[in-house]
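Let's take a walk through this one, from a spot on the surface to a pair of helices and then on to the charged pairs. Keep the viewer open as you read.

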Amino acid sequence: MAREAQDVVLPELGESVTEGTVTRWLKQVGDEVEADEPLLEVSTDKVDTEIPAPASGTLLEITVDEDGTAQVGAKLAVIGAPDEASPPAPPSPQPGAQPDAGPAPAPVPAPGPTAARTDADAHARPTAGTDAGVTPAAQGTGPGPIRAAGPGADRSAGPADPGGGTAQGAGPAGRGPASRPSSEGVYATPLVRKLAREHGVDLTALAGTGAGGRVRAQDVTAAAAVPGRHPAPVSSTAAPSAPHVSGPEGRPASGASPRGTASGASPRGTASGASPRGTTVAMDPARRAVGDAMMRALHGQAQLTTVVEVDVTEVARLRARAADTFAAREGVPLTMLPFLVLAAARALKAHPAVHARINEDDGTVTYFGTEDLALPVDTERGLVSPVLRDAGGLGLAGIARAAFKLAADARADRLPQDASTGATFTVGESGARGVLFETPIVPPDQTAALALGTPVARPVAVGDARGGDVLAVRRMAHLALSYDHRLVDGADAARYLAAVKQGLEGGSFAAEPGL
């Protein structure tokens, strides 16, 4: 009895994750797969991960192509027995044909300037010539597996990217045209391959900046912005590359970065290098997923922000005094973040209203019992928020070590799959580049988010020993709390901010182990 076909569905990849974008298929239609073998890669606003095959068999169908977005629970592919695929019907015998007559042998082509070779030979000798316009199938490799219909699904119609064996120009000693190394094995989506063709960029010469070394659209446009850096054959229909800004002797002008894109957009989408005016670039899937989550959060909550000023002069003095010994003993730098996280976690224990979640399905409220704090990190792929588990049970040194490791793992794209899920509160520093304060967006399934701005030295009226006021130079910072007004009143927010302010100003950190 034939094995029943099984659907491959997008699983739940974390709390509040509702959809994902397919970034790469590791198998093609017709390939044999084993149960739990990695089948495809998916990107969400929380994490990039591999989806394993739910069963052994043959990949019969792919329903969501690369760069396509699917909801949790949606069908991505079908796995079953090979005989479940529908092969083409054999041709009907002609009247009068001999029943035992076999098919007529195919005519043998006359020897050409280039001999047919196998895929293995092609990879072993990447510089060997091929006839211009001849597809790998015509060279004796046979037709490759055909994917289900979708954007960029046809992989059997010949080289689809630069360096795929159709380079222009004659090779030496009477050979066919010389070709570049094949880019078939380059980790890139069909959209990126199309962009490489349009800009004349050789994918084999690029180092991908995406997860797992994936070549991203920004890598292609960055290479296209540098004249002559990554040449590749361009078809007659290919669009010209975007203009670049050059300095003397053809080098990029001051302010232009070789890593910037042709449109001037960095991998984060910010201005860098050539001007982005008048250009259109593809939005990064991870960036789009983060943006969608922000929109859902804003539309699903009644968000309000309350701001207070806090005097961090004593914390700054304590940091300056203990920085060297702390770094030598703990192996990590002593920044402002551990002080903020510790003060925020302690205040959450006394103010549960800002440390809760509204359960939309039944109208109940869950008050969290542990302080699992999301710590936003600025990375090349956008904002990532790994979670510091049970921050309220850690001391200053433990928070500093854990936060430093989370940030390093996030920037190196090596966070575990569940590292960005399950947060109960968000704490961040918005003043890394001189920002006075911001109004943070409360993520889904949380009630509040806290952000500290840049400390600024300025004259402030402070009390003296005789009960009067005197002017003194103090380091002041803005502390902003955004919260869901459906559950948190302005008075609740003010009380929580007062508790955090007291924790930062009260001098309670001097007794912390390690200081």
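Leucine 383 counts as partly exposed because its relative accessible area is 36%, which falls between the 20% and 50% cut-offs. Bear in mind that you're looking at a predicted model. You'll find leucine 383 in strand E14, which covers residues 382–384. On the surface, Leu383 joins Met294, Leu298 and Ile441 in a nonpolar patch. Together these residues offer about 290 Å² of accessible area.

Now swing over to the helices. Two packed helices are described by the angle between their axes and the distance between the axes. Take helix H6 (residues 337–350) and helix H7 (residues 396–411): their axes come within 9 Å and cross at roughly 120°. H6 and H7 are therefore oblique to each other, since an angle of 65 to 115 degrees would be needed for roughly perpendicular and one over 145 for roughly antiparallel. As for handedness, H6 passes H7 in a right-handed crossing.

On to the charges. Side chains of opposite charge can pair when their charged atoms come close. How many salt bridges does a search of the whole structure find? The count is 14. One to pull up is arginine 458 with glutamate 309, where the closest N and O atoms sit 2.0 Å apart. This pair links distant parts of the chain, with arginine 458 in strand E18 (residues 456–463) and glutamate 309 in strand E9 (residues 303–311), 149 residues apart. Arginine 458 is partly exposed because its relative accessible area is 29%, and glutamate 309 gets that label too because its value is 32%.

Stay with strand E9 for another one: aspartate 311 and arginine 474 meet through their side chains in a salt bridge, 2.8 Å from N to O. Here again distant parts of the chain are linked, since aspartate 311 belongs to E9 and arginine 474 to strand E19 (residues 469–484), 163 residues apart. Are these two side chains' residues buried or exposed? Aspartate 311 counts as buried because its relative accessibility is 13%, and arginine 474 counts as buried because its own is 18%. There's a bit more to this spot: Asp311 and Arg474 are linked with Glu314 and Arg317 in a network of salt bridges.

Finally, have a look at glutamate 330 and arginine 329, whose side chains meet in a salt bridge at 3.5 Å, N to O. Glutamate 330 counts as buried because its relative accessibility is 19%, with the cut-off for buried set at under 20%. Arginine 329, on the other hand, is partly exposed because its relative accessible area is 44%.

Terms used:
Residues numbered from 1 in each chain as written. Predicted model: local features only at pLDDT ≥ 70, side-chain atom pairs only at ≥ 80, totals over all residues. Heavy atoms only, no water. Patch = residues over 30% accessible without salt bridge, like charges linked within 9 Å, V, L, I, M, F, W, Y side chains within 5 Å. Areas by Shrake-Rupley, 256 points an atom, 1.4 Å probe, with all protein chains shown as cover. Salt bridge = Lys/Arg side-chain N within 4 Å of Asp/Glu carboxyl O. Helix = DSSP H or I, 4+ residues; strand = E, 2+ residues; numbered from the N terminus. Buried < 20%, exposed > 50% of the residue type's maximum accessible area, 1.4 Å probe, protein only. Axes fitted to C-alpha atoms, helices over the stretch in contact; angles between N-to-C directions. Parallel < 35°, antiparallel > 145°, perpendicular 65-115°, else oblique. Left-handed = near helix turned anticlockwise from the far one by under 90°.
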